[in-house]
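Let's take a friendly walk through this structure, one region at a time. Please have the sequence and the 3D view open as you read.

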Amino acid sequence: MNEAEAVLTTQDLAIGYARGRQPALVVSEEIDVALHAGELACLIGPNGAGKSTLMRTFAGMQPALGGDVWLAGEAVADLSPRDLARRMSVVLTERLQTGPLSAYGLAALGRHPYTDWTGRLTERDEAVVRWALEAVGAAPLAARLVDELSDGERQKVLIARALAQEPLVMLLDEPTAFLDLPNRVEVMRVLRQLTRETGRAVLLSTH
């Protein structure tokens with residue numbers, strides 16, 4: 001692939017934390033990245049190396065200390081939350097407290113950037129949710145409560161939610177952190193298949 005096909009790029013990016021009047025805490029700097037459509041990339045490093053900080057900066061969840069993050073040629077910092085959510089989806093490490101929500105309901109939250117103020121799903125929205133669940137092998141889980149799912153099953157549904165956003169880029173922060181070895185292998189298989197079949201760019205972190 002050539003540079004013109006990159007969907008997520010950074011230029012001279014510096015990440016870390018602003019600390020008011022104190023000097024900023026710089027976690028890493030001079031980061032230049034190019035992630036292409038249909039590419040599965042893995043960010044590897046020990047705990048505390050700044051992987052989550054980098055992911056949150058890519059996703060616009062915390063500001064960069066310097067440099068730029070570009071998504072399909074537009075600065076992430078300039079995109080509205082709605083536009084950003086239509087182009088990039090994120091699966092974080094934190095365990096969700098979902099209450100009495102079905103797996104289908106959780107996956108359907110991925111359509112929020114496309115619904116009106118009522119949150120009502122159209123026929124197309126419903127079709128996309130069903131497709132996303134099928135794509136990750138979670139369709140048989142649709143009617144089950146999220147709290148009743150195993151860690152591996154829940155992770156598949158979370159990936160389905162991210163896929164239902166129909167993003168250009170999917171970011172997954174330690175998606176196998178709470179999984180045993182067989183489920184880690186299965187989640188990686190699902191992600192490889194998604195990049196191959198949907199052409200989306202996928203970036204995940206692990207240690």
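Helix α1 is mostly covered, with six of its eight residues buried. Those buried residues are K51, T53, L54, M55, T57 and F58. Please keep in mind that this is a predicted model. Just after α1 comes G60, which takes a positive phi of about 75 degrees.

**From α1 to strand β1**

L13 is a good place to see what part of α1 packs against. L13 is found in strand β1, and this leucine counts as buried because its relative accessibility is 0%, under the 20% cut-off. Leaving out residues up to four places away in sequence, L13 touches L54, T57 and F58, which are among the buried residues of α1. The other contacts of L13 are S28, E29, E30, I31, A64, G66, G67, D68 and V69. One of these partners, G67, is 54 residues from L13 along the chain, yet the two C-alpha atoms are separated by 4.1 Å.

**A negative patch on the surface**

Which residues gather in a patch of negative charge on the surface? They are D12, E29, E30, D32, D68 and D78. Three members of this patch, E29, E30 and D68, are also in the contact list of L13.

D12 lies in strand β1, which covers residues 6-19. With 46% relative accessibility, D12 counts as partly exposed. E30 has its place in strand β2, residues 22-31, and is exposed, with a relative accessible area of 62%. The backbone of E30 deserves a look too: its phi is near 55 degrees, a positive value in a residue other than glycine.

**E174 and its partner in α1**

Now back to α1, by way of K51. Is K51 buried or exposed? K51 is buried, with a relative accessible area of 7%. This lysine forms a salt bridge with E174, and the closest N and O atoms are 3.6 Å apart. The pair links distant parts of the chain: K51 is in helix α1 (residues 51-58) and E174 is in the loop between β8 and α6, 123 residues apart.

That loop runs between β8 (169-173) and α6 (181-198). E174 counts as buried at 11% relative accessibility. Apart from residues up to four places away in sequence, E174 touches N47, K51, T93, S205, T206 and H207. Like E30, E174 has a positive phi in a residue other than glycine; for E174 the value is near 50 degrees.

**Salt bridges elsewhere**

Side chains of opposite charge can pair when their charged atoms come close. The model has nine salt bridges in all, and three of them are set out here.

| Salt bridge | N to O distance |
|---|---|
| E174 and K51 | 3.6 Å |
| R87 and E74 | 2.8 Å |
| R111 and D125 | 2.9 Å |

The side chains of R87 and E74 meet at 2.8 Å, N to O. Here R87 in helix α2 (residues 81-87) is joined to E74 in strand β6 (residues 74-75), and the two are 13 residues apart. E74 is partly exposed, with a relative accessible area of 35%.

R111 and D125 form a salt bridge at 2.9 Å, N to O. R111 sits in the loop between α3 (103-108) and α4 (123-135), while D125 is in helix α4, 14 residues apart. R111 is buried, with a relative accessible area of 1%, and D125 is buried as well, at 5%. What links R111, R124, D125 and E166? These four residues are linked in a network of salt bridges.

**From the network to strand β7**

E166 leads us to one last residue, S89. S89 and E166 are 77 residues apart in sequence and 8.2 Å apart in space, C-alpha to C-alpha. S89 is found in strand β7, residues 88-91, and is buried, with a relative accessible area of 1%. Setting aside neighbours within four places in sequence, S89 is in contact with A162, Q165, P167, V169, M170 and L171. Among these partners, V169, M170 and L171 fall within β8 (169-173), the strand that comes before the loop holding E174.

Conventions:
Residues numbered from 1 in each chain as written. Predicted model: local features only at pLDDT ≥ 70, side-chain atom pairs only at ≥ 80, totals over all residues. Heavy atoms only, no water. Patch = residues over 30% accessible without salt bridge, like charges linked within 9 Å, V, L, I, M, F, W, Y side chains within 5 Å. Areas by Shrake-Rupley, 256 points an atom, 1.4 Å probe, with all protein chains shown as cover. Lys, Arg positive; Asp, Glu negative; His and termini not counted. Charge placed at Lys NZ, Arg CZ, Asp CG, Glu CD. Helix = DSSP H or I, 4+ residues; strand = E, 2+ residues; numbered from the N terminus. Buried < 20%, exposed > 50% of the residue type's maximum accessible area, 1.4 Å probe, protein only. Contact = heavy atoms within 4.5 Å.
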